[in-house]
Amino acid sequence: MIDKHVIIVGAGFSGAVAARIFARANYKVDIYEKRGSIGGNMYDFKDEDGIIVQKYGPHIFHTNNKNVLDFLSSYTSWNDYKHQVKGYIDGKLVPIPFNLESLELLFSKKDAEYIKKFLINKFGIDKRIPIMDLMKEKDEKIKNFAKYVYEKVFNNYTLKQWDLPPEKLGEVVMNRVPVNISYNNYYFSDKYQLMPKDGFTALFENMINRKNITIHLDSDATSLFKFDDKKKRILFKGKPTRDIIIYTGCLDELFGYRFGELQYRTLDFMFELKNSKSYQDVAVVNYPNDERYTRITEFTKFTSTPLDKKTIIMKEYPRSCNKDDIPYYPIEIKENIDTYDKYLKLAKDYKNLYPLGRLAQYKYMNMDICIDNAINLAEQLVKSNR
Ligand SMILES: Cc1cc2nc3c(=O)[nH]c(=O)nc-3n(C[C@H](O)[C@H](O)[C@H](O)COP(=O)(O)OP(=O)(O)OC[C@H]3O[C@@H](n4cnc5c(N)ncnc54)[C@H](O)[C@@H]3O)c2cc1C
């Protein structure tokens, strides 16, 4: 018999995974999703020729977490896919992250040989060295090499992506940019790198298709909640509720922006149909320097068998995010984190409210981290609510 109820806001990975765990424990689950589709930013669809198109940007599943892989494998079978990215630098397409092949493509034979020897002697082969560390080297040639990579691969890309100079984004982001002392051209190093055979939306459908899960699409949940600050209780559709509420939207929106707006970056995606079998070498090509877009994705390179005379590409244009836009990337700088902490403190006053996911936690997280967090939180709540 079902006697427990949970309210979930958002049908992205965080909300949908939590929903499945609660449903398995026999809860009645209501998911409110403001978009007309499930999957959050993972939503994809098949066009009339069967090409899987990812509406909200390229998403590749990669993880070292076997639990997460096993969990998802109940809802999809997989295609092997190892991601490669190239960057268009000084008129050439070179592997990203920058590696020994990129070095040889962009530098004279003599300079490339010198830099390669230096890096291997000092750090060893198959190492990833943060670009900021190389910038501190005393050797003039290495310093200049590091400056070149910083400028051509990182600086302008970061300015386009964030509209902020890299220094403002802090060490965590800066340290994400490595030079790989290797000829390995794969973008991720995780043990498991896969794409769902029929796309992410099909995976979501299988995951939340349960008779005790009701999904309410086109339902913005913010207006459904009222917060009684004095009694520290939440009213849902006008009535006080003690039901568990998993909230995966933005906390500033939920609390009526009372401490100010949290800043995000949004993206405009421009899709183009090309009458050819292939548009570019690899699924994603970065354009760090001259173009207004940051990258081009070609979807057939992920999983679908290529068609003879048709491929679909997508250009990605970052910009600042207004209230009506989709927030993609939290801008994790000090002033925003301080504002977020006020919202989080307020949320903690309401004992049945659980912020979850990359919007509610105001943190960039890959999907495997979101899934793991959702599994852990939902299992813990089920256990403590027995
Ligand atoms: C461009 C881009 C590329 C990425 N690529 C990768 C990748 O290759 N690999 C990887 O592992 N991760 C990638 N990520 C990260 C990945 O997208 C996230 O980890 C994952 O989608 C987070 O899921 P979520 O449920 O927390 O958030 P979301 O997917 O954003 O889901 C939140 C949902 O809540 C809904 N919602 C919000 N507010 C309300 C409201 N008030 N009422 C009702 N519904 C609401 C939203 O409409 C949305 O559907 C990428 C992210 C971006 C932006």
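**Chatting through a predicted fold and its ligand**

User: Among contacts in the protein chain between residues at least 6 apart in sequence, what share joins residues at least 24 apart?

Analyst: That share is 73%. A contact here means heavy atoms within 4.5 Å.

User: Anything I should know about the model first?

Analyst: It's a predicted model, where local features need pLDDT of at least 70 and side-chain atom pairs count only at pLDDT 80 or more, while totals for chains, interfaces and linings use all residues. Residues are numbered from 1 along each chain as its sequence is written, and side-chain values use heavy atoms, with hydrogens and water left out.

User: OK, how many helices and strands are there?

Analyst: The protein chain has 12 helices and 22 strands. Both are DSSP runs numbered from the N terminus: H or I for helices, at least four residues, and E for strands, at least two.

User: And how much of the chain is buried?

Analyst: Of its 386 residues, 55% count as buried, meaning under 20% relative accessible area with a 1.4 Å probe, protein chains only.

User: Switching to the ligand: which residues are closest?

Analyst: S14, E33, I60, R358 and M365 are the closest, and 37 residues surround the ligand. To count, a residue needs a heavy atom within 4 Å of it.

User: What sort of residues make up that shell?

Analyst: There are 17 nonpolar, 13 polar and seven charged. Nonpolar covers Ala, Val, Leu, Ile, Met, Phe, Trp, Tyr, Cys and Pro; charged covers Asp, Glu, Lys and Arg; the others, Gly among them, are polar.

User: Which atom of N41 lies 3.0 Å from a ligand oxygen?

Analyst: A backbone N or O atom of N41 does. Y247 brings a polar side-chain atom 3.4 Å from a ligand nitrogen.

User: How much of the ligand gets buried?

Analyst: Taken alone it exposes 1,000 Å², and the protein buries 97% of that. Those areas come from the Shrake-Rupley method with a 1.4 Å probe; for residues, only the protein chains shown count as cover.

User: Which helix gives the largest share of the shell?

Analyst: Helix 11, with three residues.

User: New topic: where does E137 sit?

Analyst: E137 is in the loop between helix 5 (131-135) and helix 6 (140-162).

User: Is E137 buried or exposed?

Analyst: E137 is buried, at a relative accessible area of 11%. Its side chain makes a 3.0 Å polar contact with that of K122. A polar contact is a pair of N or O atoms within 3.5 Å; within protein, one must be able to donate a hydrogen and the other to accept it, and residues adjacent in sequence count only if both atoms are side-chain atoms.

Methods
Buried means under 20% relative accessible area, exposed over 50%, partly exposed in between (1.4 Å probe, protein chains only).
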